Amino acid sequence: AIDKGHKISFKYQKPDVDKKMHFREKDGKPIEYILNPYQILANHGRYYLIGNIDKYDNISTWRIDRMKDVEKVESQRKPLGKVSGFETARSFDAAQYMKEHIYMFGGKSVDVVFEADRTIIDQILDWFDGNVTFYKVTDKTVQAKVHVNYTAIKFWALQYLPFVKVLAPTELVEEIRETVLEGAEKYKD
């Protein structure tokens, strides 16, 4: 489909706290997506399909191992130049895209406890490669424990600030609080 410039259709799954895959649904039925596929990329040991859904003007990223019932659609895909941020692109530049989407740190690892909205369970499992323990599960939130790089979890928690609250270790909680306050100061004007 990518080589021929065609669209694809598929259903998409994501995990929940039971660590099992569940279809994204609407009205109790799996949603069928129609995607304009542009590129397959590997990142953190996983393969992703980079594409666009017609009704949106942005690029979206889909984990290939979560896509089910994939079929080529005979209609031509949207030209990449009609996607926001790619107006002048003649082709998808995978190397440049990866340069802009890197997230790695070195240093010590620590045990971290955080509370998160259940809406990001899939991202929690992705980021921590499933090596996370969930507990205190409610309809809206879950507490989790991970062993992770200290600097990476700090920036991860800041990235997911609307959805995550780090509870321990205390040193990390204080560092995040200070960073958030410093950041808020920058946006006062």
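1. A good place to start is the pair of helices H3 and H4: H3 passes H4 in a right-handed crossing. Please keep in mind as you look that this is a predicted model.

2. How do the two axes sit relative to each other? The axis of H3, residues 150-159, and the axis of H4, residues 170-186, come within 10 Å and cross at roughly 45 degrees. That angle is why H3 is described as oblique to H4.

3. Next, have a look at the residues that meet. On the H3 side they are Tyr-150, Ile-153, Lys-154, Ala-157 and Leu-158. Their partners in H4 are Glu-171, Leu-172, Glu-175, Ile-176, Thr-179 and Val-180. By character, the residues of this contact between H3 and H4 divide into seven nonpolar, one polar and three charged.

4. Now turn to the second largest pocket, which holds about 220 Å³ of space. Its lining is made of Ala-157, Leu-161, Val-164, Lys-165, Val-166, Val-173, Ile-176, Arg-177, Val-180 and Leu-181. Two or more of these residues come from each of strand E12 (164-168) and H4.

5. Which element gives the largest share of that lining? H4 does, with five residues. Sorted by character, the lining of the second largest pocket has eight nonpolar residues, no polar ones and two charged ones.

6. Finally, a few residues link the two parts of this note. Ala-157 of H3 takes part in the contact with H4, and Ala-157 also lines the second largest pocket. Ile-176 and Val-180 of H4 meet H3, and both are listed in the pocket lining as well.

Note on methods. Residues numbered from 1 in each chain as written. Predicted model: local features only at pLDDT ≥ 70, side-chain atom pairs only at ≥ 80, totals over all residues. Heavy atoms only, no water. Axes fitted to C-alpha atoms, helices over the stretch in contact; angles between N-to-C directions. Helix = DSSP H or I, 4+ residues; strand = E, 2+ residues; numbered from the N terminus. Parallel < 35°, antiparallel > 145°, perpendicular 65-115°, else oblique. Left-handed = near helix turned anticlockwise from the far one by under 90°. Contact = heavy atoms within 4.5 Å. Nonpolar A, V, L, I, M, F, W, Y, C, P; charged D, E, K, R; others polar. 1 Å grid on protein atoms, 1.4 Å probe; cavity = no way out; pocket = protein on both sides within 12 Å on 5 of 7 lines; lining within 4 Å. Points joined across faces, edges and corners; volume = space filled by probe spheres on them.
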